[in-house]
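Dear colleague,

I am handing over the structure we spoke about, and I would ask you to keep it open while you read the notes that follow it.

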Amino acid sequence: MPTLSCNLSCRYCYLGSQTDPTTLKLDAGRAVATLQQALQRFLDADVLPFNVSLHGGEVTTLPPAVLEQLFSTINRHYLDHFDQLNAMGYRKSAPHLKTNLFNFHQLCDLFDQYQVSISASIDLPLSLHARYRVDRRGRSWLKRTVENLRLLGRYPHSKKISATLYHEHLQDIPALIDDIWKIHRDIGFDMNNFNIMFGFGSELNCQKFGGQPELGLQQASEAEQLALYHALQDAFMGTELEEGLRRNWFDEFKPSYCTNAFNCGERFYLLQGDGGVWSCVRGQGVEPLYYGNILSDGVEAVLTEGGRRVRLLHQQQGLDPGCQTCEYLQICHTGCPAVKLQNGFGKSYTCQLQQAIYRDNPASYPPLSGGDQAAAAREYLLGMHPALLQDELAQEQPKSPVVLIPAELYDQKNSLQALIAADPLLQHLYRPDAFLLELNGELIPLQSQILTSQRSLYSIGKDDHLVLHIRRSLFEANCSELIRNTLYIQLLRDTTVVYGDEQRSKQEHLITHQIFHNLLQPDLLLGEEWLTADLAGLLQLNSRYFVKNVLNNLFVTTGQLREYHYQKQKNNAFYHIQAINLPFQNFEFYWD
């Protein structure tokens with residue numbers, strides 16, 4: 001959103017007083033720099049924006065020179081990352097913008113030059129466009145609207161029209177249908193490229209227009225939404241607009257749209273010219289939907305806050321009982337959190353309409369029943385409303401214990417790989433080139449058992465040559481005095497024992513053996529950067545503990561890194577959960 005400024009004063013705008021045009025000069029001066037800095041910060045954080053759209057306010061209030069720089073920046077981003085985006089199925093190659101069409105005739109050539117994709121907003125019926133979508137002085141500009149719609153119809157690049165409908169717009173559905181045909185046949189815009197949105201109550205709009213005469217722009221009831229849907233089916237099925245009706249007109253209520261995302265705060269963001277990040281235009285200026293500032297808070301903090309705030313909003317509104325048993329919960333995910341916040345309601349404000357669309361298209365949106373529906377509901381509760389599931393399970397008194405895993409565990413930043421990447425000492429602890437085991441002349445790199453999906457099992461005996469090669473630099477990690485550090489060896493076997501407060505079944509410990517750093521031998525094979533320890537004698541000495549056909553497990557690390565591992569477990573629950581088993585580099589063998 002490069003500018004909040006708008007040249008119109010629509011009575012139902014949910015941005016309220018934020019669209020004051022006095023900010024236009026400030027917005028124009030910083031818009032391009034903010035976009036460029038934000039894109040670079042995302043890329044530096046290994047986040048690839050796949051769709052960059054320009055919204056307002058009204059984007060076309062910006063000077064043409066600023067618009068051109070914005071278009072060039074977006075084009076360059078798509079081209080620089082063409083291969084990656086294409087591989088992931090995102091085929092965007094040109095800028096997209098949302099416009100009220102007021103200035104379209106003045107900027108059409110510039111848009112054509114950059115092949116800009118256009119989404120134009122109007123009111124239907126057009127008589128209400130004249131009444132509600134007025135300029136800053138309260139004047140109708142319907143004649144210019146029609147002229148610009150005709151120009152848009154000839155525009156050679158991607159374009160569509162959208163209409164936001166309230167209760168008032170649905171009082172004369174025949175007129176609305178007539179105007180769809182008028183735009184399609186008389187004005188010359190292909191209304192297959194049309195989509196419908198339903199307005200909702202807005203606190204910011206009420207604050208702006210409070211105390212003035214009521215214009216009747218209330219949220220349409222679900223019965224009114226359904227009546228429109230069925231009226232459009234009756235009017236357009238079997239006509240040249242049937243494809244648009246079935247494919248595009250009600251897109252907002254289908255799984256591809258942000259309103260149906262499990263957690264839209266993890267994927268969609270609105271960036272203001274000042275660097276502020278909000279959920280979307282619906283949440284802009286509403287404090288619970290503010291995620292932070294990309295220029296000062298950093299990408300990771302903003303993205304994490306987005307997911308947290310959206311999850312919190314869903315939880316605060318609760319879960320409607322009908323949603324938990326709904327056969328389409330896995331498709332709709334209870335709707336838009338911004339609207340749920342404004343309405344104080346726990347489910348989608350277009351629920352009945354969505355169900356009708358899904359029922360009419362069962363192959364695209366198959367309903368779930370029985371165990372499948374229950375499993376989908378449980379998955380949703382675990383991710384969005386774990387407290388509700390916990391209460392339910394407590395009431396049911398289940399026979400088998402149920403583990404409730406915090407949703408935060410699935411955040412990318414809390415994965416074991418991300419934790420290691422962010423911690424230099426953990427990088428030493430887990431590095432796959434720290435230990436090499438020499439077995440009869442063959443060098444075997446040892447890896448952490450919890451980072452690999454494969455196991456190599458060996459059979460060894462008293463006549464085998466077994467030497468451990470250790471990088472010298474490993475002993476410097478988390479250590480201020482090398483002479484106090486040790487090579488730390490643990491030997492376990494696969495006979496399980498149960499102990500500790502957890503009462504877990506674990507491999508049985510056989511020995512713990514430490515060799516102080518200054519007693520390790522120079523490595524004649526690999527050179528000065530390595531040290532060695534002979535393991536053949538150690539295993540032979542303890543061979544009386546080995547059991548025929550029972551697997552043994554030898555772990556190696558340093559004393560100081562072992563200490564750090566357990567300290568990290570105390571300090572970070574996400575690390576503890578994922579490193580609950582010994583994470584050190586290991587070697588598994590049978591003793592022959």
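A good place to begin is I183, which counts as buried because its relative accessibility is 0%, and buried here means under 20%. Please keep in mind throughout that this is a predicted model, so that every value below is computed from predicted positions. I183 is found in helix α7, which covers residues 173-187. If its neighbours within four places in sequence are left aside, I183 is in contact with I122, L124, L126, L149, I161, G188, F189 and M191. For a sense of distance, you could also look from I183 to L303, which is 120 residues apart from I183 along the chain, and whose C-alpha atom is separated from that of I183 by 41 Å.

Next come two peptide bonds that you may wish to find in the viewer. The bond from L124 to P125 is cis, with omega near -5°, and L124 is also one of the residues in contact with I183. P125 itself lies in the loop between β3 (117-122) and α5 (126-132). The bond from G56 to G57 is cis as well, with omega near 20°, and G57 is placed in the loop between β1 (53-54) and α2 (64-80).

Two residues other than glycine have a positive phi, and each of them sits in a loop. D46, with phi near 65°, is found in the loop between α1 (24-44) and β1, while H333, with phi near 55°, is found in the loop between α13 (329-332) and α14 (337-343). Which of the words buried and exposed applies to D46, and which to H333? D46 is exposed, because its relative accessible area is 72% and the cut-off for exposed is over 50%. H333, by contrast, is buried, because its relative accessible area is 16%, which falls under 20%.

The packing of two helices is also worth following by eye. The axes of α9 (residues 222-236) and α15 (residues 351-360) come within 8 Å and cross at roughly 30°. On the α9 side the contact is made by E222, Q225, L226, Y229 and Q233, and on the α15 side by C351, Q352, L353, A356, I357 and D360. By class, the residues of this contact divide into six nonpolar, three polar and two charged.

Finally, there is the enclosed space. How many cavities of 30 Å³ or more are there? The count comes to three. The largest cavity holds about 60 Å³ of space, and its lining is made up of E252, F253, T259, N260, G335, C336, S348, Y349, T350 and Q354. That lining has three nonpolar, six polar and one charged residues. The second largest cavity has a volume of about 50 Å³ and is lined by I460, G461, K462, D464, L466, A536, L539, Q540 and W591. Helix α20 (residues 536-541) supplies the largest share of this second lining, namely three residues, and by class the lining divides into five nonpolar, two polar and two charged.

With best wishes

How values were computed:
Residues are numbered from 1 along each chain as its sequence is written. This is a predicted model: local features need pLDDT of at least 70, side-chain atom pairs count only at pLDDT 80 or more; totals for chains, interfaces and linings use all residues. Side-chain values use heavy atoms; hydrogens and water are left out. Axes are lines fitted to C-alpha atoms, for helices over the stretch in contact, and angles run from 0 to 180 degrees between N-to-C directions. Helices (H or I, at least four residues) and strands (E, at least two) are DSSP runs, numbered from the N terminus. Contact means heavy atoms within 4.5 Å. Ala, Val, Leu, Ile, Met, Phe, Trp, Tyr, Cys and Pro count as nonpolar, Asp, Glu, Lys and Arg as charged, and the others, Gly among them, as polar. Buried means under 20% relative accessible area, exposed over 50%, partly exposed in between (1.4 Å probe, protein chains only). On a 1 Å grid over the protein atoms alone, a cavity is a set of points where a 1.4 Å probe fits but cannot get out, and a pocket is an open set with protein on both sides within 12 Å along at least five of seven lines; lining residues have an atom within 4 Å of a point. Grid points are joined across faces, edges and corners, and a volume is the space filled by probe spheres set on the points.
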